[in-house]
Every structure is written in structure tokens, then in C-alpha cells.
Amino acid sequence: MNISYIILIPVIPLVVFLLLGIFNRKIKPSVSGYVGVFGLLVSAVLSFYAAFEYFFVLGKVDGVFQTLSEKIVWMNFTDSLHIDMGILVDPISVMMLVVVSTVSLMVHIYSRGYMHGDEGYTKFFAFLSLFTFSMYGLVLATNLFQIYIFWELVGVSSYLLIGYYYTKTSAIAAAKKAFIVTRFADFGFLIGILIIGYYTGTFDFETLNNPEGSAILNWASYSFMGLSALTWALILIFIGGAGKSAMFPLHIWLPDAMEGPTPVSALIHAATMVVAGVFLVARLFPMYYFVDDGFVLQIVAYVGAFSALFAAIIAITQTDIKRVLAFSTMSQLGYMMLGLGVSGFEGHSGVGYMASMFHLFTHAMFKALLFLGAGSVIHAVHSNFLKDMGGLRKYMPITNITFLIAALAIAGVPPLAGFWSKDEILVAAYEHNRLIYYIGVFVAGLTAFYMFRIYFGIFWGKDRLYHHKPKESPLSMTFPLLVLAFLSITVGFIPFSEFVTPDKMGFTAHLNYPLAAIASAVGLIGIATAWVFYKKENQLGDIWANRFGMLYKWTSNKFYFDEIYMFIAKKIFFKRVSEPFAKFDRKYVDGTMVGIGNTTVATSRKIKGLQSGRVQDYAFAFIGGAVIIGLIFIYLWT
Amino acid sequence: MIEGISIYDILTLTTILFFIGVYGFLTRKNLISILISVEMILNASVVNFVVINKYLYPDILQGTLFSIFIIAVAAAETALAVAIIINLYRQISSVEVKDTEVMKF
């Protein structure tokens, strides 16, 4: 299979970015929107073609999906250790290409309506293209170092887009927070990469992931503090992934990142960038599975399960609809991590991995839809808060229907997309670890509850005092909603297990009826509870909130994690560590340098008189010196 | 070789000439005088070359040859120096050394 055309998929958004970035002021907004959309459209068509060709025509040889790559050596350290640049094509990267291009294309189209009339319209599209380029580069990376480069690039573009409204103080703070927290996690990732490079002598995914390769077979040869070196490396890499995917306790940046424009939240903080952490674990899955007999995967599973539960609980109490969606994203990412964590490798036991990727795929569709729907609502009522919304179903029928579809999909109601993928994750968890299974089921119920809480809150209930009558968004915004709604209904029927499995062979998955029934029943109970609480305006919500008292207060303040981190950072770290260092730096390090400078100035001021500018003074000094040296040579030379 | 005059007499003469030049160079206030002093220093060395060549190595000609070089160089140098002094005079209407101090800024 000739894969060289796939390089065009990331290059086209890069070209669009450069074009829009360089001619920022010269391009009319009406043109730049079309340029951005058109570039993405070409990329998307190529992605779909690549996916079709890979999955159905040429990718499978002897029942195994091939891993194809094309690369050039970029930096050569030793014969085996070199950093390549190139593209790697295997089931998950092709799947990610489809996800990224679909969501990105929809978001581009949507942004033409949403950002209409904005001052930085062209800049916005340039940043979106930069992000899309980085994300494509990330999923196609052939080695750890290349993925790290693009990993940071998506971080930068996320920073730029969160801080897009750069005149708003909160947006700037959120952008910095997102960048610093993920950067902090990436430090772990970098150390992990270096450890892997040092002990295995390669960064290349194909070599590292080969189950018969030396990297996996010799994992136990070096140990450090009770665990093998590679186990540590994988834990550190997982920390990097957890930072990007907003896993507990590095989740604090994601809710704040909602300060960015809503299409950005849909693209970056729901569908693509935040799944990079999941993708990273999936990319190194053979290593995670074989090294130390899956020890790290257990950590992954528990962190994922805890994050899913934690975020779902917080999501119930939030009043900003975008924050609810942000915590919902974190919860679903926890689901994906959990799925990876409980997965096996061979044949049918790889169902967790498959389900995780499946959930990534379906989640991208319906969560992007939820965010875009929320954006449409925010566009109409000019507020993020639930208290300013109500009764919107009369004014915004399309948004209402599509949001309902997405909410049903995420709640796991059959036969929508979320049902299938969530069910597979729960099957994997059930077979592997009962505790995680129960958490998963409970979270499924919570998900349905909080999702319908905001659904009823937005579209049902009484009208609020609107400044002007809310009206349905323009076609450029409703069209992506309709497309994504269609996808949210249908993508669940893709026989994912035939395409994406850890051993790349594919298997036929069967619906586990009892488990599926339990999961959907729990989802329906969640929806029913939300119906009772929030369908009509009543006091039930407040009564229950009071009944929980302290717990409610804690939850609505996100368990005070921001405050705890603030306390640790400001009161302990800044005050006890940074401040003395700063003082030392200012007093002694700077002091020394300033002292040297001042001494030089003072001395030169003193000896300045020597340079009179009179030639004869110099000549006198010269001749006098010559005479003295002459005398020394004559009389003291022995 | 000049009869009745030893090399010491001539070398004493050139030394005196040299130091007159140095003295003039250091004390004169006028640029033209300084230039003349420099010429005296050069002439002292020219005479030295010729004398040492003639008295110590009468068979070879290097010293004499060098003295011709020095005269040529001195002529070029004088031309240059006079040109500079004329230009300076145009700028500051003076050829006094103390007035050229402004150039250090």
C-alpha cells in the first residue's frame, strides 16, 4: 500500500496556517473562513480515503492489519538510536485521522457562523489549522520523540486558543494554567522518553511495540527502587498522558480551559487533544501490557476509574453548562483509560483496548455535538449559566433535537453510539475487575443524570427574561450539528472489533445482553431521576442539595482542588522555596554582577584622566617606557 | 670611512640629534614643529645606518640601501602629515596641539 500521500493530510493544514498567519491582515474574513474550511475538507477527504483503503482494501495481509511506515532519519545519535520524522499507519492512527478530520471539519464549518464578526476571525482560523496540523502529526508520529514534539505543539495551540479572548483576564489565566499544568505533566513524559531511549536504545514505536522485540523481552534487566526501569518509564509517560487527558489529580486545567471560544472547546477540549493521553497509552499498549506483567496498566485502570467517578460527581453540581461538559469529558476520558487498563492482548481478551478506542471514537462525535450545541445555546442567550436558560426548545428546535440525541448517546441509551462503546468497556471491566465494573456502572448512571439535568434546564422549564428573543442559529452552525447528530446515531454500528484490536487481528464482538441491559437500565434510571428533578421547575433539586449539606458544598467547589493547589503553590512553594531563592538570587547572584559592574565603572572613572587625548602625553609615556625598558635591559640583564 | 673621525664621534652626534628630535616632539606646541622633530629622529637613524654600514661592514650595502628607503618613507609620511594638518586647519583654524584635543570626543 502506497502511503506517501498521507503526508499531505497534516501538510495541508500547515500550509493553511502559514497562509492565514502570514497574510493575517490582508485576507478578508469572508475569504479566510473558506480557505480554512476548504483546506480541512481536502485533508478530511484524504483521511477518509486512507481509512477506506487501509481497512477495506490493502491494510490487511493474512488476517493481520499491517503497520506501515515511511520515515527519514532526522537526528542520528548512534547506529540504533536515532530520531526519525515520518508517518506511521496502523489501525489506531488511521482511526484517529478520521476522528480528527471529521470533528475538525465540523468545527471549522461551525466557527464560520459562531465567530462571525469577530475581530480576530482570520487569526482564529489560523490557530485552528495549526492545531489540526499538530494533532495529525501527533497521531501519525513514528517514534516517541516525534510524538513529543507534536504533543507540545498541540499544547501550544491549545494555549493560544484558550487565551483567544486575550483581553479577558480570566482567559489569560486559564490559558496559562492549562499550559503550565500540562507542561508539568510533560516533564514526566520527557523523562520517560529519555529512560526508554537509554535502556532500549530506540525510540521507534515499531521496535518498542514488537512483543518479541528486545525492548519487551528484556524489560526486567534493569531495576530501580523495586520496579524495573522500563516500568518507571511507562509510569512517567502515563503521567504525561494523564496531564493531557485531564486525569485526576492533573485535571484542574480542563474546566478553566472553557474560557476559550466554544468551537475550540469542542475540538480541543472534548474530541481530539484531550484524548491524546489515551492515544499515547494505546500507542504503547504492547509495552504497557507486557512490561512488568501489566503493573502500570493497573495504575492506568484505577486512575481512570477514579477520575471518571470524581468528575461525574462534580459535574452534577456545576451551574456553567460548559463546565458540566468539561467534567463530563474528564469523566469519559476516565472511562477510556479504564478500558485500556482492564484490557488483555490476545484475541477476544483485547476487548478493553478495542472498547476504549471505540469509546474515543464515539465520544468524539457526541461530545463535539454537545459542545457545539451548547455553543449554539450560548450564542442565542449570551450566557454560560444554567440560570439564564430555560424553555429554549420552542426557539431552537434543531439545537434541541441534536442536543437531545447527543445526551441520549452519552447516557448510553440503545441504539445510539455511546451505548455500544460504553457497553464494551463495561464488559471488559466486568471480566477483569469487579470493583472497576461497579464504579463504571455507577458513573454511567451519574452521566445520564447530569446530562439530562442540563438538557432539561436548557430546553425545558420556564422562559427566562431574555434581552431579545432567542432564535435558531444560522445554517453554518446547525449543519455541523445535524451531521454530528447523524454520526452520533450511526457510528455505534461500526463493527469496531474487526478493525482495532491490540494484536491487530480483529475479532467478532457479541453484545453481552445482561450487562448491556444493566448499563442501559442504570442510564435510564439516571434520565428518569433528572426528569423528576428538573423537567418542571420545582424545589426538589434545592431540597436534595440541602440534604447533602457539606457534601454538596464541597462538590460544587470541585472538592477545593484549585484552592489546595493554590495553597500548595502560593503558601508553601512560593513562600518557602521560591522566595528565599529569589532573595538569594537578587541579593547575592545579582549583587555580585552589579558589584562587578559598579566597580568597573568607578575604576574607569578614576583612570579616565590618563586618556588626555594629547598626543604628546602618549608619546612621553611611550618614550619614557622605552627608556626604562632600555635601562632594565642594559643594567639588570644577567 | 672618514679619516680622523671615529665611529664614536658620529654615533654621539646622531644620539644628540635623536634626542633633540624627541625633545622637540614632546615639547613643541605646533604641529609643523612636531613634524620637523619627527624628521630629525628619522634623520638620526638614517645617519646611524650609513655610518654603521660604512665603518663595520664596508663590503656590503644593506645599510645604505635602507637609508634610501627611510628617506622615501619619510617623504611619503611628511606629505601625508602635511595633508592632515592642512585639513585640520580648515576645520578648526589652528595647528596648535592643544586645539586638536577635541578629536578625542
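**Two chains, questions and answers**

Chain A averages a pLDDT (the predictor's confidence in each residue, from 0 to 100) of 84, with 99% of the residues scoring at least 70. This is a predicted model, so local features need pLDDT of at least 70 and side-chain atom pairs count only at pLDDT 80 or more, while totals for chains, interfaces and linings use all residues. Residues are numbered from 1 along each chain as its sequence is written, chains are lettered from A and ligands numbered from 1 in the order in which they are written, and side-chain values use heavy atoms, leaving out hydrogens and water.

Reader: Where in chain A is confidence lowest?

Author: Helices (H or I, at least four residues) and strands (E, at least two) are DSSP runs, numbered from the N terminus. Confidence peaks in helix 5 (residues 144-162) of chain A, at 90. Where pLDDT is low, predicted coordinates should not be read in detail. The lowest mean, 70, belongs to helix 22 (residues 540-548) of chain A.

Reader: What is the mean pLDDT of chain B?

Author: The model as a whole scores ipTM 0.73 and pTM 0.77. In chain B, 96% of the residues reach 70 or more, and the mean pLDDT is 88.

Reader: How much area is buried between chain A and chain B?

Author: Contact means heavy atoms within 4.5 Å, and it takes eight residues from chain A and nine residues from chain B. Buried area is the accessible area (1.4 Å probe) that two parts lose on being put together, summed over both. Carbon and sulfur atoms give 65% of the total, which is about 800 Å².

Reader: Which three residues supply 56% of the area that chain A buries against chain B?

Author: No other three residues supply more of that area. They are Arg614(A), Gln616(A) and Ile623(A).

Reader: At what angle do the axes of helix 25 of chain A and helix 1 of chain B cross?

Author: Axes are lines fitted to C-alpha atoms, for helices over the stretch in contact, and angles run from 0 to 180 degrees between N-to-C directions. The axes of helix 25 (residues 615-636) of chain A and helix 1 (residues 7-27) of chain B come within 8 Å. Gln616(A), Ala619(A), Phe620(A) and Ile623(A) meet Val22(B), Phe25(B), Leu26(B) and Thr27(B) there. The crossing angle is roughly 145°.

Reader: How many salt bridges are there between chain A and chain B?

Author: A salt bridge is a side-chain nitrogen of Lys or Arg within 4 Å of a carboxyl oxygen of Asp or Glu. Over all chains the count comes to seven. Between chain A and chain B it is zero.

Reader: Why does the pair Lys71(A) and Asp204(A) tie together parts far along the chain, and how many residues apart are they in sequence?

Author: Their side chains meet in a salt bridge of 3.0 Å, N to O. Lys71(A) lies in strand 3 (residues 68-76) of chain A and Asp204(A) in the loop between helix 6 (169-200) and helix 7 (205-209) of chain A, so the parts tied together are apart in sequence by 133 residues.

Reader: Which side chains make polar contacts with the side chain of Glu259(A)?

Author: Glu259(A) sits in the loop between helix 10 (253-256) and helix 11 (262-271) of chain A. A polar contact is a pair of N or O atoms within 3.5 Å; within protein, one must be able to donate a hydrogen and the other to accept it, and residues adjacent in sequence count only if both atoms are side-chain atoms. At 3.3 Å there is Lys168(A), and at 3.3 Å there is Ser170(A).
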